Structures are given as structure tokens and as C-alpha cells.
Amino acid sequence: MNDKLLVETAVLAGEIMLVSGAEIFRVENTIDHILRKAGRETAEAIVFSTGIFASLNDPSIEAITVARRVPGRSTNLNRVYLVNDVSRRLCNDLLTVEEAHGKLKEIRNTIQYSRWLKDVGIVGVAVFFTLLLGGGGKDCLAAAVTGAVLAGAMEISVRFRLNDFCINGVCAFLIAVTTLFVERWLLPGVKSDIIIIGAIMPLVPGVIFTTAIRDTLNGDYASGTARMVEAVVVALAVAAGVGAGMGLFQWLMGGFLW
């Protein structure tokens with residue numbers, strides 16, 4: 001068995017899971033199972049929220065250590081499932097190391113949903129949360145317009161490679177401005193408060209917060225704290241963006257247009 005390729009495969013599996021929002025203990029457990037497939041004396045994996053360290057050592061071989069920085073994170077539970085499936089098949093001798101490494105590369109490059117489908121999903125979230133909060137037909141229509149603006153803003157922000165705080169702040173700002181604009185000129189009488197609440201739901205860091213709690217309960221305090229801070233930063237960015245948008249709109253209405 002190619003020990004170097006096995007370590008690379010283990011780290012690649014962990015990287016995909018970490019980027020996709022998996023808990024730290026799950027990532028470490030997956031890497032550990034793959035490394036122990038080599039049957040060496042020492043197989044260790046240490047995972048943080050932004051990096052992976054894996055080592056394989058034995059008196060009969062030269063120590064192999066791989067470090068991988070993981071700067072970006074998102075939420076994609078489908079990838080987590082696929083990586084877990086490859087890991088189990090590899091450990092049960094249903095796949096060779098070469099086959100497992102190839103499949104992991106395919107998983108890393110797989111795009112589950114197209115850009116337009118994600119945009120439709122964002123609009124749908126805005127509309128249905130508005131409906132859930134008691135909105136009517138006009139409110140849902142206004143939420144659809146706001147959701148479409150949010151989808152476009154998120155896509156443009158990603159292209160400019162802005163950080164998470166800026167992306168969420170700008171998107172929340174546009175949500176507030178668009179909603180108030182629609183209420184003032186396009187659909188008078190809509191409930192701007194529930195439309196804004198419904199539209200910001202795609203930005204709310206619920207999964208990040210839940211993962212932070214699970215990491216903390218599993219004893220991964222450093223990663224749990226880091227993700228908790230990330231969730232707080234995202235929430236603050238959303239709150240600041242909405243507040244800035246509402247404040248600017250009211251200032252423009254009072255200072256220039258009326």
C-alpha cells in the first residue's frame with residue numbers, strides 16, 4: 001500500500017468535510033479510520049477549524065506528515081455524506097486507495113446545484129418565511145423581489161472575493177433598502193418588517209452556530225469557540241447591514257425627498 005497516497009487521501013477527505021461544514025470530531029474520526037488502514041504503529045490526526053495535521057509513522061518507514069490549511073467554509077451535507085461513504089468503502093476493502101483518492105477528487109469538484117437553482121432557492125426561502133410569519137400575497141411578492149436582489153448581490157459579492165463580514169453586511173443592507181423601496185413606491189401597504197426578516201434567513205448562521213455547539217460539547221473547545229465567534233460576526237454583519245440600510249433610507253426620505 002502506498003502510505004504517502006493514503007495520507008493524502010485521508011487529508012483530502014478531511015479537507016472536503018471541513019470545507020462542507022462537518023463537525024471537528026467527525027473529520028478527525030474519518031481521517032483516523034483511513035490512516036489506520038495502513039496498519040502502522042502511529043496514526044494521528046489533529047483538526048482545527050482552519051487546518052488539518054495528519055501523521056503516519058512506524059519504525060519500518062520514514063515518518064509522513066501532511067499539513068493542510070482550509071481557509072474557506074460553507075455548508076454542504078451531501079459532500080459530507082459522500083466522503084463518509086468513500087471512507088467506509090475504503091476501510092472495508094471495497095475500494096483501493098487509488099480509487100478512493102480519485103472519487104474524493106470528483107466529490108471535491110462536484111457542483112450539486114447550479115447557480116440559477118440556488119438563486120431560486122434563496123427567493124423561495126424569502127417568500128416562504130414571509131408567508132410563515134403571517135405575510136399575504138403582496139408581502140410574498142415583495143419578498144420575491146427582495147430575494148432576487150439578495151441572490152444577485154450574493155453572486156456579485158462572491159465574484160469580488162469579499163470576506164464573510166462584508167458579504168453579509170452588503171447583502172443585508174440591500175435587503176433593507178430594497179424592501180423599503182418596494183414598500184414606498186411599488187407595493188404600498190406591505191409589511192416591511194416581516195419581509196426583511198424573511199429575506200435575511202438565507203444569511204442567518206444557524207448551521208454554523210449548531211456546529212459550534214456540537215464541537216464544544218465534544219470537547220473541541222478551540223474550534224467550537226472559533227465557530228461561535230464566526231456565527232456572532234455573521235449575525236452582527238447582518239444586523240449592521242439592515243440597520244444601515246433602514247437608517248440611510250429614512251435619512252434620504254426625510255432629508256431629500258420629502
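## A walk from the sheet to the pockets

Let's start with one pair of residues: I52 stands opposite R68 in β3. The model here is a predicted one, and this pair is a handy way into its sheet. I52 sits in strand β2, which covers residues 51-58 and is joined to β3 by seven bridges, with the two running antiparallel. Move along and you'll find that F53 has A67 as its bridge partner in β3, while A54 stands opposite V66, again in β3. It helps to keep a general point in mind as you step along such a ladder: in a regular strand, side chains alternate between the two faces of the sheet. How many residues lie between β2 and β3 in their hairpin? Two residues separate them.

Now turn to the other partner of β2. β1 and β2 also pair in the antiparallel sense, over seven bridges, and a hairpin joins β1 to β2 through two residues. Down at the G51 end of the pairing, F48 has G51 as its bridge partner in β2.

Put these pairings together and you get an open sheet of three strands in the order β1-β2-β3, with antiparallel pairing. Why do β1 and β3 each have one side without a neighbour in the sheet? β1 (42-48) and β3 (61-69) stand at the edges with a single partner strand each, so one side of each has no neighbour there. As for twist, neighbouring strands are turned by 5° against each other on average, if you ignore direction.

Next, the helices that sit against this sheet. α1 packs on it and touches β1, β2 and β3, with a direction that makes about 20° with that of β3. α2 packs on the sheet too, touching β1 and β2, and its direction makes about 155° with that of β1.

Further along the chain there's a helix pair to look at. Packed helices are, in general, described by the angle between their axes and the distance between the axes. For α3 and α4 (residues 97-109), the axes come within 10 Å and cross at roughly 175°. An angle over 145 degrees counts as roughly antiparallel, so that is how α3 lies relative to α4. On the α3 side the contact is made by R79, L82, V83, V86, R89 and L90, which meet V97, A100, K103, L104, I107 and R108 in α4. Sorted by class, this contact has eight nonpolar and four charged residues, and no polar ones.

α3 turns up again when we get to the pockets. The second largest pocket has a volume of about 170 Å³, and its lining is made of F25, R26, N29, T30, H33, N84, S87, R88 and C91. Which elements give two or more residues to that lining? They are α2 (24-35) and α3 (77-91), and α2 gives the most, with five residues. The lining divides into two nonpolar, five polar and two charged residues. So α2, which packs on the sheet, also helps to line this pocket.

Finally, the largest pocket, with a volume of about 1,700 Å³. Of the 42 residues that line it, R73, S74, T75, M154 and P202 are the closest to its centre. Which helices supply at least two residues each to the lining? You'll find α1 (3-19), α5 (115-132), α6 (137-159), α7 (164-186), α9 (206-217) and α10 (221-257) doing that. The largest share, six residues, comes from α5. By class, the lining has 20 nonpolar, eleven polar and eleven charged residues. Note that α1 takes part here as well as touching β1, β2 and β3 in the sheet where we began.

Note on methods
Residues are numbered from 1 along each chain as its sequence is written. This is a predicted model: local features need pLDDT of at least 70, side-chain atom pairs count only at pLDDT 80 or more; totals for chains, interfaces and linings use all residues. Side-chain values use heavy atoms; hydrogens and water are left out. On a 1 Å grid over the protein atoms alone, a cavity is a set of points where a 1.4 Å probe fits but cannot get out, and a pocket is an open set with protein on both sides within 12 Å along at least five of seven lines; lining residues have an atom within 4 Å of a point. Grid points are joined across faces, edges and corners, and a volume is the space filled by probe spheres set on the points. Helices (H or I, at least four residues) and strands (E, at least two) are DSSP runs, numbered from the N terminus. Ala, Val, Leu, Ile, Met, Phe, Trp, Tyr, Cys and Pro count as nonpolar, Asp, Glu, Lys and Arg as charged, and the others, Gly among them, as polar. Two strands pair if DSSP finds at least two bridges between them. Axes are lines fitted to C-alpha atoms, for helices over the stretch in contact, and angles run from 0 to 180 degrees between N-to-C directions. Contact means heavy atoms within 4.5 Å. Angles under 35 degrees count as roughly parallel, over 145 as roughly antiparallel, 65 to 115 as roughly perpendicular and the rest as oblique.
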